[in-house]
Amino acid sequence: MTAYKSAGENTYSAAFVSTTSSTLPFTGNLETELALTANSGIEGETTEWENVIYESNYVAQDWKVLTKGEDGKKYGVNYGTIYTGSDLTNGKPVGYIHELVKVEGLPSQKEYLAVQIATVDGLEKDALPEGYTDSGETISAKIGDISSMTVLIKDGQRFYWGVDPNHSQWLVYQTAVDDVTAEDWGQTTLTKIVVPVAGEGVSGATEEDIPAGYTTNVVKTGMYSYYCTNDVIKVSPSGTSTDPDELPFQDVRNGDWFYDSVIYVYGHGLMTGLNDTTFGPGEPLARAQLAVILYRLSGSPEVTYEDIFPDVPDGQWYTDAVIWAQEKGIVTGYSDSGTFKPGNNINRQEITTMMYRYAKYQGYSLEGGADYSSYPDAANVQEFAKDSMSWAVGNGIVTGKENPTRLDPLGNTARAECATIMMRFVEKFGK
């Protein structure tokens, strides 16, 4: 049994695995303090990142400008259809309210950026949200994307390292508008709008090719894994299995489009929270995390450690999963360094590739591919991911984003997206 405990808290979540049943998540109180051992305490370091808004590669659209009371702001609505869980036939109308924010230095040279601030379920096309008035004005603007960018430091100031709107190069960004309210995965968040720093782009660069003069900010992580026995955990005779229809996460609410997916992966022991009360639906998924999820899906088989990747040492929470996934041809390392880079975010074309390889390993059908060229960003799918993207789209494992209008193959995979992809995959193929 493995128990995962948040530092400083007398609570745990544990996973009991048998050969005849799925992983069952348990929560409860510790009977005694857990003691770290040579193989249990994992204190990591990570490069600081921050969720910021940048101008996307959407085609600019003409927004009917709305006003709301006397707040002096400009708004617009983008209409679409939303699908819940894995049912792709029961679409419902939805409206996405955007604030049109005036920004200097946008790559498109537009004057405004559309930032999503709220979702209105059931809003029919061209209908106005309650409380909003048509001003008669029209503004041309692109939509802003929330992206996880690496924090850079130069001369004591914060900058951000991320891809350009066309995903053709990496750029240094600076803050243009601070304290911007935005909706991110159903949650309201306070963030900022960033724009590129002139002359600081690096064509053909990778995430690691940070320009001279900038440094990353390394911070400590505070999560540990504890390997323990029943003598430190108090469990009632019948057990304390979590109700699959109840979640301990404060950031996943009934009505969120990803609610059913999180219920599913949590109840099946595939994904847990970032801590006892936080799932982090909008947080980016790391390569190591996906390896662990697929490892759990396969039943967490016994693994003998091999020194395959220099950055995957023995005894880490992801070690067995990465070694297993590499042996089965599900993951590979980076050819330029021979490393796995467990903490790197995994983008949407990479997750389709790993799911495709997992399906191949399990002997599932690789048929049913679809033509995805109708998506406006289809050309961004790189050569290595074309077959897997076609397979994932054709089998309903991956759908478009924002209404849905684009694949976003180079965008980070959020944890809520991963939960939905895993639920669709299991319902389609089984484990």
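1. How buried or exposed is Lys386? At 35% relative accessibility, Lys386 counts as partly exposed, because that class lies between buried (under 20% relative accessible area) and exposed (over 50%), with a 1.4 Å probe and protein chains only. Its partner is Glu383, and the two form a salt bridge with the closest N and O atoms 3.1 Å apart. Glu383 is exposed, with a relative accessible area of 61%.

2. Ground rules. This is a predicted model, in which local features need pLDDT of at least 70, side-chain atom pairs count only at pLDDT 80 or more, and totals for chains, interfaces and linings use all residues. Residues are numbered from 1 along each chain as its sequence is written, and side-chain values use heavy atoms, leaving out hydrogens and water.

3. Overall make-up. The protein has 6 helices and 17 strands. Helices (H or I, at least four residues) and strands (E, at least two) are DSSP runs, numbered from the N terminus. Of the 431 residues, 46% are buried. About 20400 Å² of the protein is exposed, and carbon and sulfur atoms supply 45% of that area. Accessible areas come from the Shrake-Rupley method with a 1.4 Å probe; for residues, only the protein chains shown count as cover. Among contacts (heavy atoms within 4.5 Å) with a separation of 6 or more, 69% join residues 24 or more positions apart.

4. Salt bridges. The whole structure holds 7 salt bridges. The criterion is a side-chain nitrogen of Lys or Arg within 4 Å of a carboxyl oxygen of Asp or Glu. Side chains of opposite charge can pair when their charged atoms come close.

5. A buried pair. Lys192 and Glu50 meet through their side chains in a salt bridge at 3.4 Å, N to O. Lys192 lies in strand β13 (residues 187–196) and Glu50 in strand β5 (residues 49–55), so the pair ties together parts that are 142 residues apart in sequence. Both Lys192 and Glu50 are buried. A network of salt bridges links these two residues with Glu48 and Arg158.

6. A pair with more access. Which residue forms a salt bridge with Glu111? Lys102 does, with the closest N and O atoms 3.0 Å apart. Glu111 is partly exposed at 44% relative accessibility. Lys102 is exposed, with a relative accessible area of 53%.

7. Helix α2. This helix is mostly covered: 9 of its 11 residues are buried. Among them are Arg287, Leu290, Ile293 and Leu297. The cover over the buried residues of α2 includes α3, α4 and α6.

8. Packing of α2 on α3. At what angle do α2 and helix α3 (residues 319–327) pack? The angle is about 75°, and the axes are 8 Å apart. Axes are lines fitted to C-alpha atoms, for helices over the stretch in contact, and angles run from 0 to 180 degrees between N-to-C directions. That makes α2 roughly perpendicular to α3, a class that spans 65 to 115 degrees. On the α2 side the contact is made by Ala291, Val292, Leu294 and Tyr295; α3 contributes Asp320, Ala321, Val322 and Trp324. The contact residues divide into 7 nonpolar, no polar and 1 charged. Here Ala, Val, Leu, Ile, Met, Phe, Trp, Tyr, Cys and Pro count as nonpolar, Asp, Glu, Lys and Arg as charged, and the others, Gly among them, as polar.

9. Helix α5 (residues 386–394). Ser388, Met389, Ser390, Trp391, Ala392 and Val393 are buried in this helix. What covers the buried residues of α5 includes α4 (348–362) and α6 (415–429). Gly396, just after α5, takes a positive phi of about 70°.

10. Backbone points to check. Most residues other than glycine have a negative phi, and most peptide bonds are trans. Asp126 is not a glycine, yet its phi is positive at about 75°. Asp126 sits in the loop between β9 (112–121) and β10 (133–154). Ser300 also has a positive phi, near 50°. Ser300 lies in the loop between α2 and α3 and is partly exposed at 28% relative accessibility. Gly299, just after α2, has a positive phi of about 95°.

11. The loop at Leu274. Leu274 is found between α1 (259–267) and α2 (287–297). Leu274 is partly exposed, with a relative accessible area of 32%. The C-alpha atoms of Leu274 and Phe249 are 9.5 Å apart, and these residues are 25 residues apart along the chain.

Conventions
Angles under 35 degrees count as roughly parallel, over 145 as roughly antiparallel, 65 to 115 as roughly perpendicular and the rest as oblique.
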